[in-house]
Amino acid sequence: MITKQKGTYDIYGDNAKKREYVNSVLDALCEKYNYGYIETPVFEASELFHRSVGETSDVVTKETYDFKDRGDRDLTLRPEGTASVVRWFIENKLYGNMSDPVKVYYNMKMYRYERPQKGRNREFTQWGFEMFGSDNIYSDAEVISLAYNAYRLLGLEDITIHINSLGDNESRKNYRDALIKYFRPHIDELCDDCRERLEKNPLRILDCKVDADSDILKNAPRTLDYLNEESKTRFDKLLDLLDLIEINYQVDTSLVRGLDYYNHMVFEVYYKNSLALGGGGRYNGLVETLGGPSVPGVGFAMGYDRTLEVMEEEGINIPINDSIDVYLLAVSENEKDSATYIAQNLRLNGFIVETNLLDKPLKSQFKSVDRYNSKYLIVLNDKDLEKNEVVLKDNKTKEEERVEINDLADYLDTHM
Ligand code: AMP
């Protein structure tokens, strides 16, 4: 038997229906914020992720699915959405007319070669969004508000935004230097990867999963102490805005995020202050890093699967349709032909219809009516069909009504 690959999953049944519901909530919300939908290819040139996500990030050093195609191209399955969206933004020269920000959202599968565990898969979905062209705190606040409201609309009440600022380039550089100075004497006590990170990207040490509990990390310098005046004022003003729109946040000075491209504000969404369900931040240098002009960007990505899991664990009511409208019972060839005709007509009029596709006897067709939880049933018979009529039975009240076949859709429209 060929089985699915480690860390992947099939989406079907109730899970598929639940995702449909989550998608509809997220789509409607993005519409309110005026974000358009984008989908990018599953694979991109490897260089895209190496240059953007960063050579020293775990995602690129250990987790990407890299392969060569038959044309000897170096390709990578996208491990995250931002780099691809930035590539799209540059490739289509959308920076040419920036009289308004460009705002897009996505709902895409991502691929990371990680050790599968609860809430961590090799193929997983992220819902996320990006905004290009605005560098002010109002766009920061909009992005945080959109992320926050997404979880709240999905029914997750206990949401906290953990937020920090890495500051502008000058502040980030000062902080970087301070970290190198601080970590150098302790470097032998840290893991091999951290030793590698010291000169290349010391911020990453703060994000290390191996050394997460070490006192060396806990006592490391804090970003906020290295912000220049401008960056500090900016961050304080952003927090004021979050107060204004009543976002539940907490400044978390240890938050640096796993990807290389962030500056100014970075944030993560926590459920019950313990489980990270998504993260984002500002990335003003990224468009330039990937070959475009200097255009500011800010965005967010939700761990979709993990969010849905938490909704299920918390018993949040996820409305799914588990019934059909009409089951057509048919035995003779003429009845089955008519069922095909009526089903076609009703489905085109928007009703969910099921028929006997297994040549089952009538008795077991009645069982299907209940299994499908059908609102109505029609037992077709040659005599009625001759008069172009059927008897429509309400499966709950058991009431019956004789209806002309051509009037069925209208009748159901007024009675459902
Ligand atoms: P990141 O792009 O690493 O900042 O991740 C954003 C969110 O995506 C995280 O908070 C997780 O909820 C989710 N996520 C990241 N990696 C995985 C994975 N391997 N499997 C499932 N969800 C993930």
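This is a short talk on a few features of one protein structure: two groups of paired strands, the cysteines, one glycine and a cavity.

Before I start, keep in mind that the model is predicted.

I'll begin with the small sheet. It is open, has three strands, and the strands come in the order 2-4-3. The pairing in this sheet is antiparallel. Which strands sit at the edges? They are strand 2, residues 43-45, and strand 3, residues 66-68, and each of them pairs on one side only. Going from one strand to the next, the twist averages 40 degrees.

Now look at one pair inside that sheet. Strand 3 runs antiparallel to strand 4, residues 74-77, and three bridges join the two. To find the place on your screen, look for Lys68, which stands opposite Asp74 in strand 4. As a reminder, strands of a sheet pair through backbone hydrogen bonds, and the pairing can be parallel or antiparallel.

Next is strand 7, where you can see both kinds of pairing. With strand 9, strand 7 pairs in the antiparallel sense, over seven bridges. With strand 8, residues 249-251, strand 7 runs parallel, and three bridges join them. Ile161 is a useful marker for both. Ile161 stands opposite Val269 in strand 9, and Ile161 also stands opposite Tyr249 in strand 8.

How many of the seven residues of strand 7, 159-165, are buried? The count is seven of seven. Both faces of the strand are covered. On one side you have Ile159, Ile161, Ile163 and Ser165, and on the other Thr160, His162 and Asn164.

One residue of that strand, Ser165, takes us to the cavities, since it is among the residues that line the second largest one. A search of the whole structure finds two cavities of 30 Å³ or more. The second largest holds about 40 Å³ of space. What lines it? Besides Ser165, the lining is made of Ile137, Asp140, Ser231, Arg234, Phe235, Leu238, His264 and Met265. By type, that lining divides into four nonpolar, three polar and two charged residues.

Where do these residues come from? Helix 5 (137-153), helix 9 (229-244) and strand 9 (263-271) each supply at least two of them. Helix 9 gives the largest share, four residues.

On to the cysteines. The number of disulfides in this model is zero. Take Cys208 as an example. The nearest cysteine sulfur belongs to Cys194 and is 3.6 Å away, and Cys208 is in no disulfide. The cut-off here is that the two sulfur atoms must be within 2.5 Å. Cys208 has a relative accessible area of 4%, so it counts as buried. Cys30 is buried as well, because its relative accessibility is 0%.

Last, a residue on the outside. Is Gly96 buried or exposed? Gly96 is exposed, because its relative accessible area is 64%, and the cut-off for that word is over 50%. Gly96 lies in the loop between helix 4 (82-91) and strand 5 (102-111). If you have the structure open, find Pro293 too. In sequence, Gly96 and Pro293 are 197 residues apart, while in space they are 9.6 Å apart, C-alpha to C-alpha.

That is the end of the tour.

Methods:
Residues numbered from 1 in each chain as written. Predicted model: local features only at pLDDT ≥ 70, side-chain atom pairs only at ≥ 80, totals over all residues. Heavy atoms only, no water. Pairing = 2+ DSSP bridges. Axes fitted to C-alpha atoms, helices over the stretch in contact; angles between N-to-C directions. Buried < 20%, exposed > 50% of the residue type's maximum accessible area, 1.4 Å probe, protein only. 1 Å grid on protein atoms, 1.4 Å probe; cavity = no way out; pocket = protein on both sides within 12 Å on 5 of 7 lines; lining within 4 Å. Points joined across faces, edges and corners; volume = space filled by probe spheres on them. Nonpolar A, V, L, I, M, F, W, Y, C, P; charged D, E, K, R; others polar.
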